[in-house]
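This report walks through one protein chain for a reader at the bench, moving from strand pairing to side-chain contacts and surface exposure. Please keep the sequence and the three-dimensional view at hand while reading.

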Amino acid sequence: MSFNLQSFVLGPLGNNTYLLSSPVNHEGVVIDPSFNVDRIIKFAGEQNINLTQVWLTHAHYDHFAGARNLMDLFPQIKIGLHPADLFLLERGGLAGLMGIDHPEIFTPDLAFADNAQLQLGEDVFSVLHTPGHPPGHVVFYCAAASAAFCGDLI
């Protein structure tokens with residue numbers, strides 16, 4: 001494993017949000033940016049990490065609430081989601097059912113597919129489609145690091 005990992009517990013539900021960064025090219029990926037991404041932005045700035053992508057395990061509001069903030073501050077950032085969850089994203093990720101204002105909606109740039117490969121520096125992550133929690137749920141697995149980022153799968 002060559003990537004660096006920083007975890008954050010964010011938002012009213014205490015969601016796990018991860019910042020993966022490459023020591024090779026200083027690119028960073030945020031997985032499931034929940035509310036209050038200011039801590040991630042501050043940490044990335046302090047560590048000279050260039051945030052380039054957001055990988056969403058699924059489209060429930062508590063896993064993407066901070067995505068729009070990241071897009072506004074980092075115009076080059078690309079956001080990925082499995083297409084089976086687009087309907088959920090467009091409806092605010094069920095925020096309204098929980099009595100929470102809808103987070104700002106966006107259009108994903110990357111459409112994740114089962115067994116797709118994602119690159120971060122020298123590390124390769126496999127996208128594993130794990131439908132059930134919602135239909136488009138995915139896991140990001142890095143075999144070299146024996147690491148899996150599984151959203152709400154378990």
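## Strand pairing

Leu 118 has Phe 125 in β8 as its bridge partner, and in this predicted model a second such pair is formed by Gln 119, whose bridge partner in β8 is Val 124. Both pairs belong to the pairing of strand β7, residues 117-120, with strand β8, residues 123-129, which is antiparallel and runs over four bridges. The hairpin made by β7 and β8 has two residues between the strands, and Gly 121 adopts a positive phi near 60° in this hairpin.

Strand β8 is also joined to strand β9, residues 138-142, by four bridges, and β8 and β9 run antiparallel. Here Leu 128 stands opposite Val 139, a residue of β9. These pairings are part of an open sheet of four strands in the order β7-β8-β9-β10, with antiparallel pairing. Its edge strands are β7 and β10 (147-149), each of which pairs on one side only, and from one strand to the next the twist averages 25°. As general background, the strands of a sheet pair through backbone hydrogen bonds, in either the parallel or the antiparallel sense.

## Salt bridges

How many salt bridges does the structure hold? There are two, and they are set out below.

| Residue pair | N to O distance | Helix |
|---|---|---|
| Lys 42 and Glu 46 | 3.6 Å | α1 |
| Arg 68 and Asp 72 | 3.4 Å | α3 (residues 67-73) |

Lys 42 and Glu 46 are separated by about one helical turn, because they lie four residues apart in helix α1. Likewise, Arg 68 and Asp 72 are four residues apart in helix α3, so about one helical turn separates Arg 68 from Asp 72. In general, side chains of opposite charge can pair when their charged atoms come close.

The exposure of these residues can be added to the picture. Lys 42 is classed as exposed, because its relative accessible area of 54% is over the 50% cut-off. Arg 68, at 23% relative accessibility, counts as partly exposed, and Asp 72 is also partly exposed, with a relative accessible area of 47%.

## Individual residues and the surface

Is Gln 53 buried or exposed? With a relative accessible area of 18%, Gln 53 is buried, because buried means under 20%. Gln 53 is found in strand β4, and its side chain makes a polar contact of 2.8 Å with the side chain of Trp 55.

Gln 47, by contrast, is placed in the loop between α1 (38-46) and β4 (50-55), where Gln 47 is partly exposed, with a relative accessible area of 43%. The C-alpha atoms of Gln 47 and Phe 87 are separated by 36 Å, and these two residues are 40 residues apart along the chain.

Which residues make the nonpolar surface patch of about 330 Å²? The patch is made by Leu 94, Leu 97 and Met 98. Met 98 is found in the loop between α4 (86-90) and β6 (110-111), and Met 98 counts as exposed, because its relative accessible area is 54% and the class begins over 50%.

Methods:
Residues numbered from 1 in each chain as written. Predicted model: local features only at pLDDT ≥ 70, side-chain atom pairs only at ≥ 80, totals over all residues. Heavy atoms only, no water. Pairing = 2+ DSSP bridges. Buried < 20%, exposed > 50% of the residue type's maximum accessible area, 1.4 Å probe, protein only. Axes fitted to C-alpha atoms, helices over the stretch in contact; angles between N-to-C directions. Patch = residues over 30% accessible without salt bridge, like charges linked within 9 Å, V, L, I, M, F, W, Y side chains within 5 Å. Areas by Shrake-Rupley, 256 points an atom, 1.4 Å probe, with all protein chains shown as cover. Salt bridge = Lys/Arg side-chain N within 4 Å of Asp/Glu carboxyl O. Polar contact = N/O pair within 3.5 Å; in protein donor to acceptor, adjacent residues only side chain to side chain.
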